[in-house]
Amino acid sequence: MAELCRTDSSLTALDEEMLWEMMEDHRCRIVRSICPSRLTPYLRQAKVLDQLDEEEVLHSPRFTNTAMRVGHLLDLLKTRGKNGAIAFLESLKFHNPDVYTLVTGLQPSVDFTNFSGLMETSKLTECLAGAIGSLQEELSQEKGQKEALLRQCQQLQEYLGQAEARAEALRQLEADHGRMKREVSAHFHEVLKLKDEMLSLSLHYSNALQEKDLAATRCRGLQEELYLMKQELQREKMSSSCEREFRERSLKMTNDLEPGDEELSRLKEENERLRSLTFSLAEKDILEQNLDEALESRQELVNRIHSLREQAMAAERQRKQYWEEKEQTLLQFQKTKVDCEIYKEKMNVLQSQVVELQKERDQAYSARDGSQLEMSQNLAEKDALRRKVFELTDQVCELRQQVQRLQAQAESLPGPKQEPGAREPCPKRKQQLVRMFALCPWDDSDGSSSESQLWSDLSARSSRELVDSFHSSSPVPPSQQSLYKRAAEDFWEDPSSFSGCPETLEVDQGGSLGAKKGDADLDYEIVDREDLPESENSLQLSSGGLHLSASSVPVRRRPARKILGQVTVLAFQGDALLEQISVIGGNLTGIYIHRVTPGSAADEMALCPGTQIMMVDYEATEPLSKAVLEGMTLDRAVRLLQRVNGFCCLSVKVNMEGYKKLVQDLKAKVATSGDSFYIRVNLALERRAEGELQVHCNDILHVTDTLFQGGSCWHAHRVGPYSTKGTEQGTIPNYAQAQQLLIALIQDMAHRSTMARKQPSGGAQKLVRIVSMDRTKASPLWSSFDGGQSDPSQVEDPSTVCFWAESYFTLVPYTLVHSHRPSRPRPVLFVPRVVGKILMEKLCLLQGYKKCPAAYLSQEEYDASSQRGDIIQEREASGGRYCVTCSTVESLMGKNTHALLDIQLDSVRVLHKMEIFPIIIHISINEKVAKKFKKALQRLGTTEDQLLEAARQEEGELDKVPCLYSSLAPDSWSDLHALLGCVRLAIADEQKKVVWTE
């Protein structure tokens with residue numbers, strides 16, 4: 001490195017420590033203000049940095065910002081000594097003069113003829129050129145940033161204009177909203193006023209009704225008072241008349257019996273004499289006794305009068321009560337009379353409506369008769385049109401013969417000769433539905449048998465058809481026998497029409513009862529005899545004289561009639577059917593035809609998009625197979641239709657509404673197919689690629705597409721425990737791939753078990769061999785995804801059936817499940833049962849839990865319950881049986897109580913058939929846990945070993961249960977009390993969940 005030259009006496013005179021102390025004092029400002037990429041070229045030219053140092057400073061991933069990079073640069077220069085400090089200060093003169101002034105206190109006077117001598121002049125020029133280039137690049141970058149900012153500003157201005165327009169529209173909408181709000185408020189106030197008026201009117205009406213009731217009661221009271229006053233008046237009149245009569249009588253008697261003076265004197269003397277008389281003691285006693293008797297009789301009379309008065313008052317009260325009952329009866333009578341009049345009016349209205357309905361019925365009958373007459377006229381017109389068509393067919397045959405004669409003349413001329421049997425193929429247009437081919441799909445080899453079978457079928461069908469449909473006027477289409485009669489009549493009426501060219505007559509077996517006028521359009525095409533099967537060429541009618549002998553004959557072709565909602569069976573040659581049509585849909589919507597290849601056999605059968613395939617009857621490689629596509633998934637339907645390679649029969653119907661809805665859902669991406677079903681996964685699936693769904697055993701998935709990504713996988717959603725809605729989505733292997741994964745998992749488990757054992761000297765020995773066989777060649781040991789159902793009509797070869805195979809099963813990776821939401825408390829079942837007995841004794845003491853008892857049933861009661869299907873589980877006893885019945889469980893559920901069941905796991909399916917879905921609580925048992933039940937097991941007379949053995953057996957049966965269950969881990973509880981709390985929480989949680997059953 002070159003020695004230092006004196007450039008600035010004040011700096012070069014300082015030693016290394018002073019220089020670095022000056023820079024350390026201002027390290028914070030230097031780190032924040034300096035860009036290291038500008039200084040490193042000069043420092044490299046000054047030979048205080050090399051290339052590796054520059055790369056480390058500028059591009060090391062350890063430094064995440066500029067401050068860290070400048071700090072590391074200063075640390076590197078400090079290791080270079082005084083030369084590093086001098087070179088760093090000189091670089092600050094060029095690029096950061098303000099920092100140079102801050103650090104040194106000197107003004108940066110740049111003298112290009114006087115440098116420190118750390119670099120040569122040529123290298124300094126290169127350094128300056130590089131610095132200028134970097135500055136130009138920064139300038140160009142700043143210009144680009146300026147242009148980008150200008151464009152962004154223009155965009156922001158455009159956005160501002162749009163925002164102002166939207167704001168103006170919003171202000172207009174706000175004004176409209178305010179106006180409508182004011183109108184609504186005004187209408188609201190008017191409504192309130194109307195409500196107030198209605199309320200006041202209703203109050204006035206109610207007050208008027210109350211006043212009316214008060215007036216009626218007052219009137220009734222006044223009438224009663226008037227009646228009482230009349231009675232009192234009558235009594236007073238009677239009493240006054242009696243007094244008057246008494247006075248008159250007394251006056252009369254006094255007048256008549258008035259004594260004279262002598263008699264008066266005589267009476268006075270007798271009175272004096274009586275006064276002077278003295279009575280004896282006996283006479284006094286008699287008189288006193290008489291007086292007492294008179295007093296007693298008087299008291300009796302007074303008591304009798306009092307009782308009579310009370311009876312009179314009671315009679316008065318009873319009379320008033322009868323009067324009120326009479327008034328109420330009269331009111332009820334009036335109401336009943338009004339109701340009777342209303343019912344009479346209603347009956348009159350109903351009678352008038354019945355009369356109108358009768359008139360409409362008569363009109364409908366007349367319209368039906370008219371339509372029947374019109375249809376009969378249409379049939380007659382059809383007959384006339386058929387005759388015209390036959391005449392035109394004769395002309396076509398004549399023209400065809402003329403063409404053949406012209407061709408023969410042309411062949412006789414010199415030119416290239418053709419083979420004797422060859423002829424020029426005539427261009428054919430798009431074929432339509434030919435029912436003759438659909439009904440007689442036989443080969444040319446069995447002509448005789450086909451002919452006999454054809455005539456037997458025709459005779460059998462003609463015997464079942466209506467015989468009187470020949471030239472009928474009824475709306476029923478003509479039968480086969482009627483068609484034969486018409487052909488024979490036309491032949492005998494106009495035999496010349498058959499002399500030129502014989503005709504073939506098609507028998508239409510699919511005529512519609514509701515044929516309209518437009519259905520009478522017929523289509524004819526000239527078909528060569530060589531194109532027809534041999535059985536059809538040999539067809540002849542002995543009774544009518546019709547036969548096939550010409551080389552080319554006209555064949556009547558009728559387009560297929562598609563009636564909405566009706567299933568139509570179409571038979572045709574379905575070679576490579578999926579190349580002719582493409583299908584969409586699934587088990588939820590059905591299988592629909594989406595596209596049809598033009599010119600294919602399916603197109604000739606008039607199949608079109610929107611046609612739903614209900615059933616396919618196809619001729620596979622060996623037997624005749626039939627499958628129903630309704631309710632079938634898209635994957636299985638495609639695999640089934642791929643096997644169709646030959647003659648087939650499709651049962652279809654037009655369902656444009658369902659097809660349009662499915663297509664709209666597919667376009668809107670609401671669904672990816674028409675599949676929708678829920679499955680329970682029976683194995684764990686790891687996530688091996690992006691988009692796959694990681695699945696655990698016993699997870700519930702909602703499958704929405706079985707032909708996702710070309711059928712290699714299924715698209716599914718994971719279902720939460722408390723609802724049927726999907727949460728996480730992804731792809732899972734299809735059924736066949738899942739079966740292969742399950743087989744590989746079993747083989748891996750067998751291999752691990754083999755490796756765990758001691759290997760013999762001969763090497764490892766396999767424990768299991770997975771064999772795959774074709775279903776058509778295998779025994780009943782094989783079963784497929786459809787449950788292994790085979791056609792019972794197919795007789796299997798005894799050589800292929802294993803005589804020892806009494807039952808068979810298949811590996812099922814996915815199980816179809818259905819959801820249930822029970823509203824009542826579900827019964828509870830514990831596994832193992834020994835622990836369940838201990839827990840049931842504790843739970844019965846709590847509210848909301850009760851043990852379901854086993855009722856004793858006699859033989860007669862047992863037979864009756866068995867016929868009703870009421871028995872869940874039974875055990876025999878002397879003279880009868882102890883049974884747990886469905887009625888007992890439902891009675892406990894009806895009391896809002898959890899029924900605690902002590903039954904076996906195989907009874908769960910019986911409960912599911914009765915729409916009862918129990919909660920299964922599984923308590924994991926090991927040796928440590930079994931010791932916690934030691935005292936309780938002693939009370940039951942059971943040992944710990946017996947508990948462990950029962951737990952192992954019942955845990956093996958849990959996988960056969962057709963529903964999910966809840967498991968309690970051994971480390972989740974410490975004692976019996978804690979286990980009871982965990983069980984109650986688990987029961988409450990299971991009650992909230994959705995029940996999934998297989």
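This report describes side-chain contacts and surface exposure in a predicted model.

The model is predicted, so that local features need pLDDT of at least 70 and side-chain atom pairs count only at pLDDT 80 or more, whereas totals for chains, interfaces and linings use all residues. Residues are numbered from 1 along each chain as its sequence is written, and side-chain values use heavy atoms, with hydrogens and water left out.

## Salt bridges

A salt bridge is taken here as a side-chain nitrogen of Lys or Arg within 4 Å of a carboxyl oxygen of Asp or Glu. By this rule the count comes to 24 salt bridges, and the table gives three of them, with the distance between the N and O atoms of each pair.

| Pair | N to O distance |
|---|---|
| Glu56 and Arg62 | 3.1 Å |
| Arg687 and Glu690 | 3.7 Å |
| Lys993 and Glu990 | 3.2 Å |

How exposed the partners are can be stated with three classes of relative accessible area, in which buried means under 20%, exposed means over 50% and partly exposed lies in between (1.4 Å probe, protein chains only). Arg62 is exposed because its relative accessible area is 53%, while its partner Glu56, with 29%, is partly exposed. In the second pair, Glu690 has a relative accessible area of 73% and is exposed, whereas Arg687, at 46%, counts as partly exposed. In the third pair, Glu990 is buried, with a relative accessible area of 10%, and Lys993 is partly exposed, with 22%. Salt bridges also link Glu24, Arg27 and Asp75 in a network.

## Cysteines

A disulfide is a covalent bond between the sulfur atoms of two cysteines. In the model the criterion is a pair of cysteine sulfur atoms within 2.5 Å, and by this rule the count comes to 0 disulfides. Cys886 is accordingly in no disulfide, and the nearest cysteine sulfur, that of Cys852, is 9.7 Å away. Cys886 is buried, with a relative accessible area of 8%, whereas Cys608, at 30% relative accessibility, counts as partly exposed.

## Aromatic pairs and charges over rings

Rings of Phe, Tyr and Trp (its six-membered ring) are paired if their centres lie within 6.5 Å, and planes under 30 degrees apart count as stacked, over 60 as edge-to-face and the rest as tilted. The structure holds 8 aromatic pairs. In one of them, the rings of Tyr592 and Tyr659 have their centres 6.0 Å apart and their planes at 50 degrees, so the pair is tilted. Tyr592 belongs to strand β7 (residues 590-596) and Tyr659 to helix α19 (residues 656-667), so this contact ties together parts that are 67 residues apart in sequence; these elements are DSSP runs numbered from the N terminus, helices being H or I runs of at least four residues and strands E runs of at least two. Tyr592 is buried at 1% relative accessibility, and Tyr659 is buried at 10%.

In another pair, the rings of Phe677 and Trp714 have centres 5.9 Å apart and planes at 90 degrees, so the arrangement is edge-to-face. Distant parts of the chain are linked by this pair, with Phe677 in strand β11 (residues 677-681) and Trp714 in strand β13 (residues 713-719), 37 residues apart. Both Phe677 and Trp714 are buried, and together with Tyr735 and Tyr814 they form one aromatic cluster.

Aromatic rings also meet charged side chains, where a charge is said to sit over a ring if NZ of Lys or CZ of Arg is within 6 Å of the ring centre and within 35 degrees of the ring normal. The charged end of Arg881 sits over the ring of Tyr862, 4.2 Å from its centre, and that of Lys932 sits over the ring of Trp973, 4.6 Å from its centre.

## A buried valine and a surface patch

Val817 lies in strand β15 (residues 814-820) and counts as buried at 3% relative accessibility. The C-alpha atoms of Val817 and Ile700 are separated by 8.4 Å, although the two residues are 117 residues apart along the chain.

Val338, by contrast, is partly exposed at 42% relative accessibility, and its place is in helix α11 (residues 281-412). With Ile342 and Tyr343, Val338 forms a nonpolar patch on the surface that has about 280 Å² of accessible area together. Such patches are made of residues with over 30% relative accessible area and no salt bridge, like charges being joined within 9 Å and nonpolar side chains (Val, Leu, Ile, Met, Phe, Trp, Tyr) within 5 Å. The accessible areas come from the Shrake-Rupley method with a 1.4 Å probe, and for residues only the protein chains shown count as cover.
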